[in-house]
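Student: I have a new model open on my screen. Could you walk me through how to read it, feature by feature?

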Amino acid sequence: MLSLCALAEKRSLLIWGRSVGPEEKGREAVVQEFERRHPDIHVNMFNLGAGEMDPQKLMTAIVGKVPPDLIYQDRFSIADWASRGAFLKLDDFVKRDMADPNSPHSSRFYPAAWSECQFQGSLFAIPQNVDDRILYWNRAMFRAKAKELRSAGLDPDRAPRTWSELLAYSKVLSEFNPDGSIKVAGFIPNFGNSWLYLYAFQANANFLDSAGRNCNLAGAEEQEALAFMKAGYDLLGGWKKVQLFQTGPQAGLGNPFLKGLVAMKIDGDWTLSDSIRFGPEFEAGAAPPPVPDDRYYHRGRYANSKDTFVTWSGGFSWAIPSGARHAEDAWTFIKWVTSEEAVVLDATEQRKWDRRRGREPVPRMSARPQANQALYDKFKPTNPVYAACWKQHMDLLPSGRFRPSTFVGQLLWDAHAAAVDKACSGELGVKEALQEGQDRVQRELDRVYSRESYPDVWPYWPLLLTFVILGVGGAGWFVIWRKAPLSAYWRHRARSGAWFLAPWIFGFAVFTLYPMVTSLFYAFSDTNAMNNPKWVGMRNFAELNGAEKERVTHSLVNVFTLAGFGVPLGIFTGLSIALLLESKCRGIKVYRTFFYIPSIVPGIASSVLWLWLLTPKSDQGLVNRAWVSTIEPWLHLPPPAWLMSADWAKPAFVTMGLWGAGGGLVMWLAALKALPKELYEASVLDGAGPLKQFWTITWPLLSPIVFFATTMGFVGSLQEFDRAYIFSKAGAAPSDSLLLPVPELFNQAFRYFNIGYASALAWLLFLVVLILTGIQFLLSKYWVVRAE
Amino acid sequence: MKLPILWPILSAGWWLIALSAACVLSCLWRARDKRTQASSYVLAAFPGLIGLSALKLDSEAKIQWGSIPVSPAFLLAVILGIGGAVLFGKFGSSQAKSAWRGAQRQVMLVLGSLLFSLPLVWLVLTSLRDSDELGRNGAVVGLPTVPVMQMYKDPIWPAYSVEFENQRVRVDTVETYPDGTALVEVQEPKVWLGRTFVADRSKMTEVPRPVPNVRLKSGEIGLVAQEFPDGKKRVVVSGQSRMLKDTDFTPVVKNGFKWENYTEVLSYLPRATLFGLLYLKNTLLLGFLNVIGTLLSSSLVAYGFARFQFPGKNALFILLLSTMMLPGAVTLLPGFLIFKSLGWIDTLKPLWVPAFFGSAFNIFLLRQFFDRIPKELDEAAEIDGCSPVRVYWSILLPQLHPILITLALTTFMGQWNGFQGALIYTNSVENMPIAYGLQLFMGDRSGEPALLMAASVIVLAPILILFFATQKYFMEKISLGGLGGK
C-alpha cells in the first residue's frame, strides 16, 4: 500500500530516443541507480516506433506543447532543432551548477563534442559520448609485401602519415585480377567511415563561414580534399571498379578488412567490438589518419596549424525540448547520466552482462576525457593490439573536428555525398561537383536568412478576415431575409428552420472557413508556429516552381500514375464483380460477402498484410513463392521485389487497391438493379448477345455512375496517405517511387513545420483537384449519357 | 511434354503504349457512334501519355522463349473439355446455352471469391504459425507446424514468479546474493523481456517454464532445460541432464496452430495500455462519440434543409456541397494549430469534437432521405401541436432508422480504421486508438511476420464480427447507390 502511494506521488520523467532493450543492461543500471537516488522521480523511457525516435512526432509534440522531458539526439542534428526553437538553452543550468564537479561544463568535455552542441552562441545539448576515426592497417599484409614496400622507399613497419605516402602504400599493396578487376585494395578513400568530411577537416576546411550564412563547400580546402579522394579511387582503376569490388561476390564474405581484402581503412571506434569478436587473431595496426603533406611538415598554409593530426568526431547528446514539464528533473538526469560515475557504472554492468554471453565489446567513449581515462583503465581490451587501437582513438579525440552546427546540416551532408559521387566517378570535375553542392546549400541558407528581410505580419489576420467574411455573409443573409415577402407564420418557421442549421454553420466557420483562410494566409507567409509569421508574398509558390519543382512534379506524376491506373481498373473490377453477382444464383450472398470483406479491412492491417504477401523473399511471401514455382521456371523471369523495388512498387500499390475494389460493389449492384428490364428483353428479341447488350444498354445507362465513380475516385486517390506513409516507414518503395503529395505535405507540415510551404503545397493540390474535376466534367459531355 | 510459350519483353513505357493502342483499336472496332469512340480515346489517353513520358529510348525489347511442363493427357483433356463446352454452348439448345452461361458464371464466381479471400486466409494462417518456422522452412503454404512445448519445473535452474511493478512476472535468476536477494531477469510478460532487478528470494515462488521437446539421435525424447552463451544446451532426458550441441538433436514438431502468438502480441504491448485494453477503450470511446455526434448533428441540419423554407437556403446548400470537394490536406495544418491553441494536443478531443458539427456528405445523404418521407406526416403532427424539434425527434427520426444505422456503422468503421488524425494528435500510449497502436507495433516487431499478422487479426476481428452481425445494413446502402455512397 505504501509503495503504491509513493508511486502515485512520483514525478515522471519522460525520455524519448533512448530505449532500454533487453541487451542494454548498462543503460538500465544507470536508470535504476538514478531512480534509487531520486526516489521522487520515475524515469519513463518510452520508445516511439521502431526503436528510433520519430522526428515528426517530436516536432509535433513540441509545437503542440506536450513534449517529452528529455531527448537523446545525434549531435549533428542539434543545430537544426535549435534553429527551430525546439530545444531549451542550457547555459543557465551550466552556469548555476558550475561548482559541482560532476555538472557538465565546457572545461570537463572534449572541445569538439561541446562546441557541436552550440548554435549561435548558446548551448542546446550536453554530449554523452564521442566517436572518432583513425587509420587501421593490416600489419600482416604490410609484412608480406615488405620487399616491395622497401623498394618503393616505404617502411613496412609503420603506417603512412601523409596523403602522398598513403597513396604510395596503396599502390604497392593493391593487387588486380587478370581481368583487370581489383583483387586486393590497398586503400579505398570512402571505405570505412571518412566521407569528404574527414579529409576536408584535415585540409582545414570549414564548409560554412563563421556566421553560418555562406557555404564554402567549393572552397580550395574542400577541393584539395576531394581531389585526394579522387586520386585514391583513380589509383585503383576508378570509382566504378571500386564499386564493383565493394559489391561483388567477395563483399558477401564478411568484413573485407579482417579478411585481408583491404589493407588500410579509415574507420570509427564503434567497429572495434566487432573486430575483437570476429578477428581475435587479427594483427591490426592503428595510426592517426594521414594528413596533407604540408600539414605533416607544418609548412605552407599549415605553418601555424596546432594539430599535426586531426580526426572527425561525432556522437550523441541530451537535449531538453522547449516546454518540457520537468526541465529541472531532466537536468538532474543529464548531470547524472553524463557523469564519470554513471559512465563507468554503465560500462561495468554492460561488461558483466556481455561476459555471461561470452563477448567482450568495448564501451563507447565518453564525451568527458576524465571518464574516458577511467573507462580505458578498467575496460581496455585484453588483446594488446586492440588496446592500442582504442588508445589511438582516445588520443586523437582532443584534436577532433566536428561538422558545422547549422540547420542545413542534413542538406550539406546530402550535397557533399552527391559531390563525392559525381567527382570520383568523373561525371563532373572536382570543382564543378562541389560548386553544384554549394549552390544547393546556399539556396537554402539564403532562403532561411532572407526571412529576416521580409516584413513581420500581424498573425491574427486570418481570424479577422474570417470574421469579416462571416460578417459580410451574415449581413447579406440578413438583407435578403428582410426583403423576403414572408407572412408572420412563415417567418417564424423560417427562423426555427435556420436554427437547425446552426451546428453546421458553426462547424463550417470553425473547421472549414477559418482553416481555409488561415491556410491561404500562411501560403504567403513564413513561420514554423513558434515564431512570428513574416509576409513573403509569392515566395512559397516560387519554391514550388523552383527548388522543390522536381520533387513536387515527381509526386504529382506518381499520384497521377497510380490514379490513372488504379481508378479505371478499380471501376472495371468493381463493375465486373457486380455483373457477375447480379444474377440470382444459389449462394450469391456468400460470394458477395467474399468480395466485399477486403474493402472493410483497416488500411494499416491491409498494409501489413500486403507488405508480407509481396515480400521479395520467396520463402516468406505468398506471391513470390507462387512466382518461383510457376512463372520463373516457365518464362525464365526472376520474381520482382514488388514494394521493395522502384519499378514494381506502383503496380503492387495498384494491385493492393484493387483488392479493396469490392467496396464499390454496393453502388454498382444498386445501379444495375435500377436499369430498366424492358430494354434487355427487347434486345434479346433483336438477337443481341450479352456483350452487345453490355455495350449498347448497360454501359451507356451506367455512364453517369461511372462518371461519378471516376471523379470521386480521382479526388480520393490524390489524397492517398495511410498506405504510402506506412510503406515509407517500413522502408519500402525506394527512390521515392511512392512519393505522393499528401504524405509529402504531411512531412513538410508536421516534421519541419514549414507551414508556409506546406500551405502553398496544399493549395496547389486543391487547384489540381479542381482542374482535374473540371476536365472530367468537360470530357463527360462526350461519353456520359444524361437522362433526358 | 513442355508447352512452349513465346512472348516479348518490353519496357513498361512500350507496354503502356501497346495497351493504349489496343484500347483505341478495340473500341474503334466495336464503336457504333461518336460517343463510344470518344470514350475510347479518353480511356487510351492515360496509359498512352504515361507510357510516352516513361519511355526510355535506349530500352531494349526482345522476344523470349519459355515453356510450361504439362503432361500430354492433361493437355488433351483440357483442350477436349474446353472445346466440348464451347461447342455445347454454341450449338446446344437454348436451355443448354443458359446452363453453360450459368456454369461459366459459377466458375468465375468461385475463382474470384477465392482470389479475393486468399490474402485474408493467408493472414489468419500466418498468424498461427511459428515465426522461426516461417523463416526456416519457407513454409508459406500448407499446414503449420509448431514445436512441441512442455511446462517444466527445472530443479537445477528454476524459474520463479515474483512481483514487479505491481504485477506477477516470470523471471530467471542471474545471480544470487548472500543477503537473501537475487538478481533476476524478466521472461514474461514480453514487454519487460530482459529487464533485470533485484528481488527478495523469500518472495519468489517457483513456477514451471515452457521448454521445447527434442528428439535425440538415439530416438529418446528430451527437454531443452537451459541454453548457454557458447551454444551448448542442457537437455533433460528422463530426469538426467546432459550437455549437448545443436547437432545432437532435432526439435520435435507437430502439425498445429500457434495460438500463443496472440497472447504474445498482447504481452508485448506497453504496460500502460493494460494489454491493449486502453487502445480498445479509446477506439470504442471515439467510435461512440463520433457516431452520436455525426448522427445527431447531421440529421438535425438535414432536417433543417429538408423541411424548412427560408431565404438563402439554396445558397447555403450549395456551399455545403462544395465543401465536399475541399481536400482534407488544406485544412489539416490549420486544424492542428486550432487544436493546439485550445491545448488539445495529445488528447482525444480533436478526434471527436468536429463530429458534432455535421459532415457535408452525411447531411446531403440524410436530406435525400428526409425528402422521401411524405410532408403530410409532419404537417399532421404540427396541427396536433408538435414543435419542430418534437417532429424531428419523435416522428421523422424513427422513420429513418435503417439509414441511420448504416451511417452509424460506416462512421464507426471509419473511426476504427482512422490513422492520420491519431498520428498527428496523440503522443502518449494512454491516448492512442487501436490503428495507431498497430502501426507502432508494426515498427517495433517488424521482423516477425507471425506476430504482425496476429496483431492485424486482433485489430481486424471485431470489425469483421460487426460486419457479419449487421450485414443487411451494409447492403442497405444499395438504396443509396444512386447517390454514390461508397
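Student: What radius of gyration does chain B have, and what would a compact globule of 486 residues have?

Tutor: Keep in mind that this model is predicted. Chain B has a radius of gyration of 32 Å. A compact globule of 486 residues would come out near 23 Å. Along the principal axes, the C-alpha atoms of chain B fill a box of roughly 90 × 75 × 55 Å. Chain B holds 18 helices and 15 strands.

Student: How do I read the confidence, and what is the mean pLDDT of chain B?

Tutor: Where pLDDT is low, the predicted coordinates should not be read in detail. The mean for chain B is 82, with 91% of its residues at 70 or more. Watch residues 480–486 of chain B, where the pLDDT is below 50. That stretch still has 16 contacts in the model beyond near neighbours in sequence.

Student: And chain A: which element has the lowest mean pLDDT, and which the highest?

Tutor: Start with the whole chain: chain A has a mean pLDDT of 87, and 96% of its residues reach 70 or more. Among its elements, helix H1 (residues 2–9) is lowest, at a mean of 50. Strand E6 (residues 126–127) of chain A is highest, at 95. Over residues 1–6 of chain A the pLDDT falls below 50, and this stretch has one contact beyond near neighbours in sequence.

Student: What ipTM and pTM does the predictor give the complex?

Tutor: The ipTM is 0.85 and the pTM is 0.84.

Student: Now the interface. What area do chain A and chain B bury between them?

Tutor: The size of an interface is often given as the accessible area lost when the parts come together. Here chain A and chain B bury about 11600 Å², 75% of it on carbon and sulfur atoms. On the chain A side, A:Phe500, A:Trp504 and A:Trp612 lose the most area to chain B. Together they account for 7% of what that side buries. In residues, 137 of chain A are in contact with 135 of chain B.

Student: How many residue pairs are in polar contact between chain A and chain B?

Tutor: The count is 18 pairs, with both residues at pLDDT 80 or more. Helix H23 (residues 502–523) gives the most to the chain A side, with 15 residues. That side divides into 95 nonpolar, 27 polar and 15 charged residues.

Student: How many salt bridges does the rule find across the interface of chain A and chain B?

Tutor: Side chains of opposite charge can pair when their charged atoms come close. Across this interface the rule finds three salt bridges. One of the model's cross-chain pairs is A:Glu28 with B:Arg195, at 3.4 Å from N to O. Over all chains the count comes to 48.

Student: Where do A:Arg36 and A:Glu33 lie?

Tutor: Both are in helix H2 (residues 25–37) of chain A. They sit three residues apart, about one turn of the helix. Their side chains form a salt bridge, with the closest N and O atoms 2.8 Å apart.

Student: Last topic, the backbone. Which residues does a cis peptide bond join in chain B?

Tutor: Most residues other than glycine have a negative phi, and most peptide bonds are trans. In this model a cis bond joins B:Glu188 and B:Pro189, with omega about -5°. B:Pro189 is in the loop between strand E7 (181–188) and strand E8 (196–200) of chain B. For phi, look at A:Gln120: its value is positive, near 50°. A:Gln120 is in the loop between strand E4 (118–119) and strand E5 (122–123) of chain A.

Key. Residues numbered from 1 in each chain as written. Chains lettered and ligands numbered in written order. Heavy atoms only, no water. Contact = heavy atoms within 4.5 Å. Buried area = accessible area lost by both parts, 1.4 Å probe. Salt bridge = Lys/Arg side-chain N within 4 Å of Asp/Glu carboxyl O. Polar contact = N/O pair within 3.5 Å; in protein donor to acceptor, adjacent residues only side chain to side chain. Helix = DSSP H or I, 4+ residues; strand = E, 2+ residues; numbered from the N terminus. Nonpolar A, V, L, I, M, F, W, Y, C, P; charged D, E, K, R; others polar. pLDDT = per-residue confidence, 0-100. Rg over C-alpha atoms; globule rule 2.2 N^0.38 Å.
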